[in-house]
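Visitor: Please choose a single part of this model and take me through it closely. Give me the cut-offs as you go.

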Amino acid sequence: MFTALAVAIGYLIGSIPSGVLFARASGVDLRGSGSGNIGATNVARTVGARAGVLTLAADVLKGLLPAYAAQMAGAEAAPVGLATVIGHIYPVFARFRGGKGVATAFGAFLALAPLAVLPALLGFVVVAASTRYVSAASLTAAFVLPVACALIGYGPNVTGAAVVAAVVVGVRHRDNLERLWAGTEPRFRVARR
């Protein structure tokens with residue numbers, strides 16, 4: 001019962017549309033700007049670096065804090081962390097049209113599987129630095145994470161949550177995959193404001 005309540009709270013925290021709020025504070029309607037996505041990448045592209053960094057930090061924290069709190073309270077933390085990711089992707093507070101879940105998953109798995117996050121982060125940095133495609137870097141990190149969880153031995157609950165997170169993140173990136181294949185995916189660039 002306690003874990004179910006923690007999962008529901010995790011989902012609601014994950015549903016807070018950080019990017020929309022930071023963009024709105026700058027007078028920008030994020031849904032009608034750039035890719036229309038509410039994540040940190042689109043915020044940085046359309047509003048600027050400061051708002052992008054704030055969105056990134058907020059999205060990471062909304063994954064990290066519920067999962068960490070669940071661990072400290074003795075609840076099953078893996079479903080709570082996964083619930084924050086699902087909340088970010090399908091937020092009740094934004095008509096179920098959310099971001100792609102990468103930053104929130106990063107935060108959740110910082111609490112759930114910190115050693116597995118390191119190779120995933122390394123994969124992200126290498127791909128992002130070499131290609132400037134955030135989508136390709138995000139997909140790399142998403143699919144490295146469950147492999148790292150399994151190899152390090154985090155157990156079936158955490159590894160299973162990482163697999164589900166990777167699949168959901170992958171599905172949310174299907175348009176990016178099509179554009180990468182077609183050679184039309186935009187490279188990352190920060191708006192100057």
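Guide: Begin with burial: buried means under 20% relative accessible area, exposed means over 50%, and partly exposed lies in between (1.4 Å probe, protein chains only). The areas come from the Shrake-Rupley method, with a 1.4 Å probe and only the protein chains shown as cover for residues. The model is predicted: local features need pLDDT of at least 70, side-chain atom pairs count only at pLDDT 80 or more, and totals for chains, interfaces and linings use all residues. Residues are numbered from 1 along each chain as its sequence is written, and side-chain values use heavy atoms, with hydrogens and water left out.

The part I choose is the loop between helix 5 (77–89) and helix 6 (102–112), which holds tyrosine 90. Helices here are DSSP runs (H or I, at least four residues), numbered from the N terminus. Tyrosine 90 counts as partly exposed because its relative accessible area is 35%. Further along the loop sits arginine 95. Its relative accessibility is 72%, so arginine 95 is exposed. Phenylalanine 96 belongs to the loop as well. At 49%, phenylalanine 96 is partly exposed.

Now the backbone. Most residues other than glycine have a negative phi. Arginine 95 has a positive phi, near 55°. Phenylalanine 96 is not a glycine either, and its phi is positive at about 65°.

The loop also contributes to the surface. Tyr90 and Phe96 belong to a nonpolar patch of about 640 Å². Leu12, Ile16, Leu21, Val92 and Phe93 complete this patch. For such a patch, residues need over 30% relative accessible area and no salt bridge; nonpolar side chains (Val, Leu, Ile, Met, Phe, Trp, Tyr) are joined within 5 Å, like charges within 9 Å.

Arginine 95 turns up again in a pocket lining. The second largest pocket has a volume of about 200 Å³. A pocket is an open set of points on a 1 Å grid over the protein atoms alone, with protein on both sides within 12 Å along at least five of seven lines, whereas a cavity is a set where a 1.4 Å probe fits but cannot get out; lining residues have an atom within 4 Å of a point. Volume is the space filled by probe spheres set on the points, which are joined across faces, edges and corners. Phe93, Ala94, Arg95 and Arg97 are among the lining residues of this second pocket. Others include Pro17, Val20, Arg24 and Asp29. The lining divides into six nonpolar, no polar and five charged residues. In this count Ala, Val, Leu, Ile, Met, Phe, Trp, Tyr, Cys and Pro are nonpolar, Asp, Glu, Lys and Arg are charged, and the others, Gly among them, are polar.

Past the loop comes the largest pocket, with a volume of about 1,000 Å³. It has 48 lining residues, and those closest to its centre are Thr41, Val102, Phe124, Val134 and Ser138. Helix 6 supplies at least two lining residues, and so does each of helix 3 (40–46), helix 4 (49–73), helix 7 (114–131), helix 8 (134–152), helix 9 (156–172) and helix 10 (174–182). The tally is 28 nonpolar, 14 polar and six charged.

A few residues in these helices deserve a stop. Alanine 111 is in helix 6. It is buried because its relative accessible area is 12%. Its C-alpha is 19 Å from that of threonine 55, with their positions 56 residues apart in sequence. Valine 127 sits in helix 7, and leucine 139 in helix 8. Their C-alpha atoms are 9.7 Å apart, at a sequence separation of 12 residues. Valine 127 is buried at 18%, and leucine 139 is buried at 10%.

Last, the charges. The whole structure has two salt bridges. Each needs a side-chain nitrogen of Lys or Arg within 4 Å of a carboxyl oxygen of Asp or Glu. Lysine 62 pairs with aspartate 59 at 3.4 Å between the closest N and O atoms. Both partners, lysine 62 and aspartate 59, are buried. They are three residues apart in helix 4, so about one helical turn separates them. Glutamate 185 pairs with arginine 179 at 2.8 Å. Glutamate 185 is buried at 8%, while arginine 179 is partly exposed at 30%.
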